[in-house]
Amino acid sequence: MKKLIRFFLVSALVSGIILYAISSLNQSEGYSSGNTLTIFNWGDYIDMDLVKQFEKETGIKIVYETFDSNEAMMTKIEQGGTSYDIAVPSEYMIDKMRQEDLLIPLNHNKLPNLKYIDDRFMDLPFDPNNKYSVPYFWGTVGITYNPTLLPNKEFKSWHDLWDPDLKNEIILIDGAREIIGMGLNSLGYSLNDTDPKHLAEAYNKLKKLTPNIKAIVGDENKLLMQNNEAAVAVLWSGDALDIMWENEDIDYVIPEEGSNLWFDNIVIPKTAKNVEAAHQFINFLLDPKIAAQNTEYVAYSTPNKEALKYMDPEMVQDERFYPSPELTDKLEVYENLGKKNLSIYNDLFLEFKMYRK
Ligand code: N2P
């Protein structure tokens with residue numbers, strides 16, 4: 001009996017020592033369960049090597065999830081479920097989130113690298129003084145096309161998409177603001193227009209585009225264009241550049257009637273559980289060399305002016321992706337149109353997608 005007790009005592013001691021050793025090992029690597037950072041970002045929107053580098057440098061474990069539209073992101077955040085420490089909405093959604101009290105004010109003292117952001121991207125109307133958000137990437141919406149597949153076509157205006165020769169050739173990005181906005185812009189209206197008559201006109205105009213539409217998709221648009229499966233796509237500038245890196249025939253234009261200029265910023269949602277690590281991660285991404293590496297991977301335009309110095313000059317000097325302030329001044333930024341109007345846009349877009357089927 002004594003032997004048995006001794007055996008149990010010794011084995012309890014030994015397993016205690018082993019458990020202690022494992023847990024202190026974990027802590028020295030920083031992988032204690034409390035030190036996790038949960039990130040919610042657009043698809044294809046970070047160099048994953050940087051995520052690994054951050055984990056290694058800090059011992060913080062990153063849980064990474066993606067979304068493909070502001071609306072999808074917002075629905076998930078409102079549902080609760082997962083507590084995200086970081087999210088990356090666009091400007092109109094940031095405005096909405098801050099009005100709905102869904103964001104935590106940032107501690108700028110913990111973000112010394114914020115000084116590297118170009119003033120042009122700071123203190124914008126959707127977030128005065130950057131109380132809640134830090135610039136991540138920016139860009140435009142435009143037309144990507146493959147002149148090799150369409151030798152005699154020119155793309156200058158939104159109207160060019162309605163050309164009957166483009167039957168089943170066009171890919172549209174799966175975004176309500178983008179596509180309803182394009183319909184409005186093509187009629188000479190603002191992409192923030194909320195006049196029901198104008199919206200109905202835009203909807204009818206989009207319906208007429210249906211025969212030319214091959215697909216309405218998210219990130220898959222890139223593969224379809226790269227593999228010459230579609231000749232034209234309406235998409236965000238950085239996706240266009242990414243496509244062009246793989247298929248040099250392709251070009252990108254911002255239509256002459258006007259288009260959208262957007263800003264994606266990083267925020268800390270109210271549900272965050274690791275606000276400290278969120279600040280650490282944001283400051284890490286703002287580091288000029290890190291931002292340069294991220295930009296050269298993601299292909300979108302960086303607001304980090306110091307990062308531009310570390311990047312391929314060809315990329316930075318390309319006016320299609322770094323349009324001058326004179327051009328961007330002519331583009332429109334999405335406004336937060338309010339709950340009612342935003343749902344009208346979403347409903348119209350859904351109806352349009354149903355109509356196509
Ligand atoms: C990246 C999506 C970019 C988001 N795949 C444009 N707001």
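**Notebook: helices, core and a buried serine**

I began with the overall make-up of the protein, whose secondary structure comes to 13 helices and 9 strands. I am working from a predicted model, and I keep that in mind for each entry below. Along the principal axes, the C-alpha atoms fill a box of roughly 90 × 45 × 40 Å. I then looked up burial and found that buried residues make up 53% of the 357 residues. Among contacts with a separation of 6 or more, 75% join residues 24 or more positions apart.

**Core**

I turned to the largest nonpolar core, which has 117 residues, and noted that Leu37, Leu161, Leu172, Val232 and Phe281 have the most contacts inside it. I followed Leu161 further: leaving aside neighbours within four places in sequence, its contacts include Ile143, Phe155, Leu166 and Ile170, as well as Met182, Leu209, Asn212, Val232 and Val234.

**α5 and α6**

Met182 and Leu209 came up again when I examined the contact between helices α5 and α6, where Met182 is one of the α5 residues and Leu209 one of those in α6. The axes of α5 (residues 176-186) and α6 (residues 196-209) come within 8 Å and cross at roughly 100°, so α5 is roughly perpendicular to α6. On the α5 side I also listed Ile179, Ile180, Gly183, Leu184 and Ser186, which together with Met182 meet His198, Leu199, Ala202, Lys205, Leu206 and Leu209 of α6. By type, the residues of this contact divide into 8 nonpolar, 3 polar and 1 charged.

**Ser259**

Next I asked myself whether Ser259 is buried or exposed. Its relative accessibility is 2%, and because the cut-off for burial is under 20%, Ser259 counts as buried, although it lies in a loop, the one between β8 (251-253) and β9 (261-267). A polar atom of the Ser259 side chain lies 2.6 Å from the backbone oxygen of Val141. Apart from neighbours within four places in sequence, I found Ser259 in contact with Val141, Trp158, Asn185, Leu191, Ile254, Leu331 and Glu332.

**α10**

Finally I went along helix α10 (residues 288-298), in which Pro288, Ile290, Ala291, Ala292, Asn294, Thr295 and Val298 are buried. These buried residues pack against α2 (48-58), β4 (133-145), α8 (237-246), α9 (275-286) and α11 (313-316). I checked both ends of the helix as well: at the N-terminal end Asp287 acts as a cap, with a side-chain oxygen 3.0 Å from the backbone nitrogen of Lys289, while just after α10 I noted that Ala299 takes a positive phi of about 85°.

Methods:
Residues numbered from 1 in each chain as written. Predicted model: local features only at pLDDT ≥ 70, side-chain atom pairs only at ≥ 80, totals over all residues. Heavy atoms only, no water. Axes fitted to C-alpha atoms, helices over the stretch in contact; angles between N-to-C directions. Helix = DSSP H or I, 4+ residues; strand = E, 2+ residues; numbered from the N terminus. Parallel < 35°, antiparallel > 145°, perpendicular 65-115°, else oblique. Contact = heavy atoms within 4.5 Å. Nonpolar A, V, L, I, M, F, W, Y, C, P; charged D, E, K, R; others polar. Core = buried A, V, L, I, M, F, W, Y, C linked by side-chain atoms within 4.5 Å. Buried < 20%, exposed > 50% of the residue type's maximum accessible area, 1.4 Å probe, protein only. Polar contact = N/O pair within 3.5 Å; in protein donor to acceptor, adjacent residues only side chain to side chain.
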